[in-house]
Amino acid sequence: AGLAVPSGATGHDLRRLQALIDRHAPQRLLVLGDLFHAELQAGDDWHRAFDDFRRRNAELAIDVIRGNHDRPAGVSEDWRLRWCEAPMHEAPFAFVHEVQGDEAAYAIGGHVHPVVRLRSRRDRLRLPVFWLRERALILPSFGSFTGGYEVPRTRGERSIAATPEGLIDLSGTQMTRLPRGVVVQ
């Protein structure tokens, strides 16, 4: 599609996902949209990598809420993906691709790929965050090939940063847990 995609991003993301599946043995995977960035072509690297992933996880049910980038054309029927339109209601939640704010249930979505930027005098860091709002949880992107929306600091909302060492609550008084000299930008 003429898009510059970093080599290895797909393999890296599928290895991370496989490690989580191996560790937790889920029966179902729910993807909140944008599983594919462009239309797939049989035989391309992504297609082959997902073929291998699906064979290894043949018993795993995979539901995909269609995102704005998803183009089901070229998707192998052997992958047994169940395409769903948002919202997918499973009380007390409404799973969506993009949180609109008018969902009747507590919404869980993605789409904007929330991040926070940390900076010190010598360094800068961008971290994915779980963005907890009054009526919604917006998840960070799982994929490494994404942009990010800088989460505004708003009273009553929380940002939980996902780091290699674990989760860090960047909300309210929890800010004191950050290393000295680091501030949220």
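The following paragraphs describe the aromatic pairs, nonpolar cores and selected side-chain contacts of a predicted model. Local features require pLDDT of at least 70 and side-chain atom pairs count only at pLDDT 80 or more, whereas totals for chains, interfaces and linings use all residues. Residues are numbered from 1 along each chain as its sequence is written, and side-chain values use heavy atoms, with hydrogens and water left out.

Across the whole structure, 5 aromatic pairs are found. Rings of Phe, Tyr and Trp (its six-membered ring) pair if their centres lie within 6.5 Å; planes under 30 degrees apart are stacked, over 60 edge-to-face, and the rest tilted. Phe50 and Trp79 form an edge-to-face pair, 4.7 Å from centre to centre and with 65 degrees between the planes. Because Phe50 lies in helix α2 (residues 45-56) and Trp79 in the loop between β2 (61-65) and β3 (81-84), the pair ties together parts that are 29 residues apart in sequence. Helices (H or I, at least four residues) and strands (E, at least two) are DSSP runs, numbered from the N terminus.

Both partners are buried, Phe50 with a relative accessible area of 3% and Trp79 with 1%. Buried here means under 20% relative accessible area, exposed over 50%, and partly exposed in between (1.4 Å probe, protein chains only). Ring pairs also link Phe53 with Phe50 and Trp79 into a cluster.

These three residues recur in the largest nonpolar core, where Phe36, Phe50, Phe53, Ile62, Trp79 and Leu81 touch the most other members among its 15 residues. Helices α1 (9-24) and α2 and strand β2 each supply at least two residues of this core. Such a core is a set of buried Ala, Val, Leu, Ile, Met, Phe, Trp, Tyr and Cys residues joined through side-chain atoms within 4.5 Å. A second, separate core holds 13 residues, including Val99, Ala107, Val116 and Trp131.

Trp131 leads to a further group of interactions. The charged end of Arg133 sits over the ring of Trp131, 4.4 Å from its centre; this requires NZ of Lys or CZ of Arg within 6 Å of the ring centre and within 35 degrees of the ring normal. The side chain of Trp131 also makes a polar contact (2.9 Å) with that of Glu157, a residue in the loop between β10 (149-150) and β11 (158-163). A polar contact is a pair of N or O atoms within 3.5 Å; within protein, one must be able to donate a hydrogen and the other to accept it, and residues adjacent in sequence count only if both atoms are side-chain atoms. Glu157 counts as buried, at 19% relative accessibility.
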